[in-house]
Amino acid sequence: MRRYYPSDEERERLHRAERMLGIHSPSGDSRGNGSEPSGPSPPDSIPWESGITRMSIAAWRELWRDDPERWMREIRDRPRRFDSERRQRAVVIWWNHIPRDASDDRAPLRGVPLLVKDLFDVTGEETRCGSAVRGAGGTDGGVAVVAADRDAWLVGLMRASGASFQGRTAMNEFAYGLDGRNRITGDCPHPLDSSRISGGSSSGSAWAVAAGVVPLALGSDTGGSIRVPAALCGIYGYRLPWDPKRLAGTFPLSLRMDTVGWFVSGVEDARLMLDLTGTGSRSAGAATTAGAATTARAANTSAAATTEIRIAAIVPPDVSLDPDVRDRWNLALADLGDTEGVALEVVDGPAILGTDAWKAYNVIGSSDAASVHKEWLDRYQSLYDPVVWSLIDRGRRWSSERIGAAETTRDEVSRYMQRILETYDVLVMPVTPTASPTYKEADGTFREAVLRLNAPVSLAGLGALTVPLSHSAIRSSGMQMVVPAGGEGRLTELLIRLGW
């Protein structure tokens, strides 16, 4: 797909935005003395517009291997480039952790700093889910929270792969929201424009990767909580296909639709993580090298080079895309259609993917959440955000007929999506109707449209890689590339065909 190259005027606007956000100039070191940091520049750095430097996973690995002192300085100083009050709306805990150099040098994430959304269990840490309901010490002051005695499944997989846990990121309370708002930790804004939302509920994880603080962060996705912030912050995000075993150690929103995933800023990192977390790729505790994964991918690519990749493009019915999003979407489709070895077909989505799917998602999601929170909703009502409490509370009030109808719709949506992915290799759909909206624009109408775009994938429990679509130096939307369980190889092959 075509990359966006900002004009000088847009670069200057970005500079002004950074200054407004308290992002310090990279021309000097973060101690503010104006001198260049000692030692060589990080290898394979990825320069981002206006001087923010995103380092790739490979760059962090090499830095840890070649210059641990510089690595530690980067870990200490990168968060300090941002105003502390704003940073803490995204990264609620930052440990400056120095890993023990005990992992295998071949480990694909050795020396890679990692942040996790505050609903993943991490050994020895408390999981608070961005809520005052958890963490006030028990009794009527809230639910008592104890430190986890083991890592969540995905955290464990990342640690086994060599990653270095650095802290926790902010989120919508109990993962119920798509805008990054939180009255306890503060609203997490877009990393480059504080008047715009970051998306949610995995808002802080997307912010940290987009801002270049870390190259990798974990999130969860029920109705778009990875896909939406990835699209709005201009990065890559992957929601793994639904699998209940992967939810171990993750605080639930909807056990029937929750899944986990990750954020990275570049396509090479996305390829590596698809290899690492794909079904059957590896399991926690197994030793796999990044080089071996790349070699295997190259072999698979060679074998499949003559096979055409079939792509279906669908915009769910009853959704109106903003004109600029529709234009950018059509341009992305044109790029796909012009790619050698790719066959694209625009498919009219059936009615079942429209209003029925959106309503079914709301019924199933809220009834599941009400089941999780049934012991707390009345006792601790004053500790919940009123909006979150209302969204969960409605789940107690659906009739059995309404719940049955929603489950029937879910089954019909799942069957249709499965049929599509038996005919085509990849399904592509928009992620948001608006590019990086302002807080004022991110109203109920926006939320409904976002859920309409993302609910079909959620109901069907499919995997989806969000690819950012740039609109300007700051604003972006996204395309979700949808595959079934075990379909990560399809995504990797498509990215290679696209020349990424």
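Trainee: Starting with β5, how many of its residues are buried?
Mentor: Six of six, so to speak the full strand: β5 is mostly covered. Keep in mind that we're looking at a predicted model here.

Trainee: OK. Which strands does β5 pair with, say on the β3 side?
Mentor: β3 and β5, residues 164-169, run antiparallel and are joined by three bridges. If you want to click on pairs, Ile-93 has Arg-168 as its bridge partner in β5, and Val-91 stands opposite Thr-169.

Trainee: And in what sense does β4 pair with β5?
Mentor: Parallel, over five bridges. Leu-115 is a handy residue to look at, since Gly-167 in β5 stands opposite.

Trainee: Which helix packs on the sheet around there?
Mentor: That's α3, residues 68-77. Helix α3 touches β3, β4 (113-117) and β5, and its direction makes about 5° with that of β5.

Trainee: Zooming out, what's the strand order of the sheet?
Mentor: It's an open sheet of eleven strands, in the order β3-β5-β4-β8-β10-β9-β14-β15-β13-β11-β12, and the pairing is mixed.

Trainee: Why do β3 and β12 each have one side without a neighbour in the sheet?
Mentor: Because they stand at the edges: β3 (91-94) and β12 (342-346) each have a single partner strand.

Trainee: How much are neighbouring strands turned against each other?
Mentor: On average by 25°, with direction ignored.

Trainee: Let's hop over to β10. Which strands sit beside it in that order?
Mentor: β8 and β9. The β8 strand (216-221) pairs with β10 over five bridges, antiparallel, and there Gly-219 has Gly-261 as its bridge partner. The β9 strand (236-239) is antiparallel to β10 as well, over four bridges. In that pairing, look for Tyr-238 with Trp-262.

Trainee: Which residues of β10 lie on each side?
Mentor: One side has Thr-259, Gly-261 and Phe-263, the other Val-260, Trp-262 and Val-264. In a regular strand, side chains alternate between the two sheet faces.

Trainee: Are those two faces of β10 covered or exposed?
Mentor: Both are covered, and the residues I just listed are all buried. In numbers, six of the six residues in β10 (259-264) are buried.

Trainee: New topic: how many cavities of 30 Å³ or more are there?
Mentor: Three. The largest has a volume of about 70 Å³.

Trainee: What lines the largest one?
Mentor: The lining includes a run of Ala-175, Tyr-176, Gly-177 and Leu-178. Then there are Thr-222, Gly-223, Ser-225 and Leu-253, plus Tyr-361, Arg-447 and Leu-451.

Trainee: How does that lining split by class?
Mentor: Six nonpolar, four polar and one charged. Glycine counts as polar in that split.

Trainee: Last bit, the whole protein. How many helices and strands?
Mentor: There are 15 of each.

Trainee: And what share of the residues is buried?
Mentor: Buried residues make up 59% of the 500.

Trainee: What about contacts, how many join residues at least 24 apart in sequence?
Mentor: Taking contacts between residues at least 6 apart, 76% of them join residues at least 24 apart.

Notes:
Residues numbered from 1 in each chain as written. Predicted model: local features only at pLDDT ≥ 70, side-chain atom pairs only at ≥ 80, totals over all residues. Heavy atoms only, no water. Pairing = 2+ DSSP bridges. Axes fitted to C-alpha atoms, helices over the stretch in contact; angles between N-to-C directions. Contact = heavy atoms within 4.5 Å. 1 Å grid on protein atoms, 1.4 Å probe; cavity = no way out; pocket = protein on both sides within 12 Å on 5 of 7 lines; lining within 4 Å. Points joined across faces, edges and corners; volume = space filled by probe spheres on them. Buried < 20%, exposed > 50% of the residue type's maximum accessible area, 1.4 Å probe, protein only.
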